[in-house]
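Good morning, and thank you for coming. Please turn to the structure on the screen, and we shall go through a few of its elements together.

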Amino acid sequence: MQELDGRIQHYAWGSATAIPQFLGRDADGAPWAEVWYGAHPLAPSQLPGGLSLDSAIAADPRRTLGDGVARAFEDRLPYLLKIIAPERPLSLQVHPTREHAAESFAAENAAGLALDSPHRNYRDDNHKPEMLVALTRFTALCGFRTPRRAAAILEGLGTDLTDRLHSLLVRNPTAHGMRAAFRTLVSSSMRPPARAVEEVVAACRARHEAGASPSPRIDRTVSLLAEHHPGDPGVAAALLLNPVTLQPGEAMFVPAGALHAYLHGVGVEIMAASDNVLRAGLTPKRVDADEMLQCVSVAAAPPLRVAPERQNATSVAYYAPVDDFELSMTTLEDPPGVFGRRHAVPGSGPRIVLGLEGEVLLETDAGRHVLPAGRAVFVPTARCAPAVAGASRRRASREPALPPAADGPRGRGRRGVGRRPAGRPDPPPGRRRGTAAGRARRAGGGPGRRRRRRPDARGGRGHARGRRAGHQRLPRPARRPRPRRDRRRRPTRPGDPMTAAPAEIDLHTLHLRIAGLGIQLDFGPGHDALAAEAAHLWAHLAADPTAETGSAGPELASTRRTYLAPPADARAEVARWVATGRGDALGPLLTRPDAVILAPGPGAAYALSGDVTREIIGRLLGTRILLHAGAVAHPQLGVVALVGASGAGKSTATLTLGREGAYLTDELAIIDPGSRAVTAYAKPVSRISAASGRKQDHALDTLGLEPARGAEGIDVLVLLDRVEDASPALVRVPLAEALLALVEQSSSLWEVPHGLAALAEILGRTGGALRARYAEAAQLAALLADAPPAREEAWEEIPVPGPVEPAEGTLVPAPLAQALAVEDGLVLLAEGRATHLVGLGAVIWEELGAAGSLGIEELEQRVVAFAGPHPDSSAMLAAAVDTLVEEGWVRRG
């Protein structure tokens, strides 16, 4: 354990006072932008005796880094830690992926460019994902808005440049349209003149002063950028981007390709050890917009906020979705000058420990150091059991995120993202590991209201673990049913979708029963092969339409789907119909309202199952919780739901776990919002074919799967995050974050009465959602068998106000479907969207919801009465209201 001397960076945008005050030094009038703590070769930290940290690591990488980190990161410390203090906006920039950086760095080396050449874009071969945790209020721009929202902000500004951008977005409201608009601003061949940018700035100022802005916050940002970078096209580009405000303790992750600019504040920044920056503007430094355009992602995406996870009584951790680093913060409350009880520091591995406030006593088996604010030490892997005591409030620690290393001292393994660190102290008796604090602090300094719900009489995680999966296996069918030739003459009843066929149509017909829904599949000319394949794939769900259903639940209306081949594929069969005198039946068949044109071939069965799934979703909307998820009944884990977007590996994960138990679904989890029971939808499993690269359906019996009838409820809920070559990791997800993820992977949850509360109840019963980061499905069973402790969070469903038209000068809450109060704020659900409000935003919405309508002055009085006075309360309130109005959660008259 050795002290580090941080390297000061005097960039023009830095604050002249913030970092000197942090370090306890005298300001000299120069801008102090950053302090670097790490081993980056451009500015490595110095150790006592004059040796640099990168040289010390190079001399003995296995001892300092450990075998796991040394192997994974080629004998280099994989992260760089900074204190960053922008007083003025930084450049508009992106960072490359690791692959693009390696290729481009090699190309510039081959071209003979020196590392310090002003013509270089790439200073090293690494990517540069980064995470920032605010120490003060911190503002930034990050990521592109949706084209629709960007067009709305541009509309009405009335300049030639904004009209051109608006036209591009309206004509093509996709990522392609956004790329065209952004290219218009920054490309070297299309860059607008300074005069055009100044017209945009003037229009934004005039709109804001007139009170007519659809986004006052972004109009103010445009004016701010123009003060420091007049005429720069990056000023106008701000209209396309998301504004971000972080309060102290809040964090944001910036992945490769994300366009961003830090504006003002002080924060702790941790990143992969790289200095690769591609700039688009707002800087006197080198701008290579054309190279930047090759790396930027223009997909509409909100800023990636990172919620801290409680590790023990004094520490929280911020986990980024990369292997290069983790960051934790420890807060100690001992009196000044008193070093009290020792507290274990979470995690292990090569770490840099940095004091943030007061003084911290840091101890390892190698000695002890007192760290004032700004002082840091490097703790190598060989000395990885630090503890802290303090007359301080906070210290920060960071480390690479890697799987357990074989050489960890004292038997301690290196932890992966979110894995419970070895050596974590046991919680006090009677307290459950990993439970969240019962109190949250809101912006303004006052304690938040404590929300509680009545505990489930059956218990939380213990109940889920203790009961059986609650499923029944279906016997394998003795034989595969053959598709029926439906020649029956049915009586016609008005509105009956099952009786619209003409009297004599020779069709292959398959009857299914799923979730109480009778589905008839008719196969028209040219689909004999598809009919036979479907009969095999769906055999376990086939039903006799003349038999009693035996269904325990209410019977839903029956439906029918008719699959027709394209004319070219059906020509021979149609000719046979005509030759046998049945040509008059073709017209009614082709005009059926349920007819679907489906091309024969290897992908036809997969397309059919997608159509059946959509039909089921359409029939169940508003009556069931419908999750885009796989589900299995596992003999040890219970009923496991695997939630994820397309490409997250649901089918493969379901197949891997389902072979050990019973299979419920690989695509659609159907949950009763009242009983929380899971209805089986044991459709054929969809897998990517190695030969064609496309998905194809597979029968359950060919994969060794047993279908289940259903289950009493979900025991384990997993959010899948499949990343190639990722180290496996499993973390508990905070309630609000889990709810937002589930809303995104659900179908019309807002139409389900109390659907949000039902999801919160399910999460409580399962001990909280788990986020699994993995590369191969085979890793999941071991991860889930050693899941982190249950996470308990209080919540309460709150009534939503009815629609109110705001009078002039008043504010009202926007119409909602459902809302929950959670420990750190509110979760709001409206049609097609959801959000998590914290701090001042949550207080504002609650006060408006209680009053129905308030003027800004009355609202400020209520907020101050709740949260306490603040010298900037008016400005803070105005900014928060602007954000809520801009995002559509509050309406202004």
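Let us begin with strand β38, residues 729–732, in this predicted model. Are the residues on its two sides buried or exposed? On one side lie Ala729 and Val731, on the other Leu730 and Arg732, and all of them are buried. Both faces of β38 are thus covered. For the chain as a whole, which has 893 residues, 55% count as buried.

Which strand pairs with β38? The partner is β39, residues 770–774; the two run in the antiparallel sense and share 4 bridges. Within that pairing, valine 731 of β38, one of the buried residues just named, has arginine 771 of β39 as its bridge partner.

I now turn to a pair of helices. Two packed helices are described by the angle between their axes and by the distance between those axes. Helix α23, residues 839–851, packs against helix α25, residues 873–886, at an angle of about 75°, and their axes are 10 Å apart. Angles of 65 to 115 degrees count as roughly perpendicular, and α23 and α25 are therefore roughly perpendicular to each other. From α23, the contact involves Leu840, Gly841 and Ile844; from α25, it involves Met876, Leu877, Ala880, Val881 and Leu884. By character, 7 of these contact residues are nonpolar, 1 is polar and none is charged.

Finally, the overall picture. The protein chain contains 25 helices and 46 strands. Of the contacts between residues at least 6 apart in sequence, 73% join residues at least 24 apart. The chain exposes about 36800 Å², of which carbon and sulfur atoms supply 51%.

Methods
Residues numbered from 1 in each chain as written. Predicted model: local features only at pLDDT ≥ 70, side-chain atom pairs only at ≥ 80, totals over all residues. Heavy atoms only, no water. Axes fitted to C-alpha atoms, helices over the stretch in contact; angles between N-to-C directions. Parallel < 35°, antiparallel > 145°, perpendicular 65-115°, else oblique. Contact = heavy atoms within 4.5 Å. Nonpolar A, V, L, I, M, F, W, Y, C, P; charged D, E, K, R; others polar. Buried < 20%, exposed > 50% of the residue type's maximum accessible area, 1.4 Å probe, protein only. Pairing = 2+ DSSP bridges. Areas by Shrake-Rupley, 256 points an atom, 1.4 Å probe, with all protein chains shown as cover.
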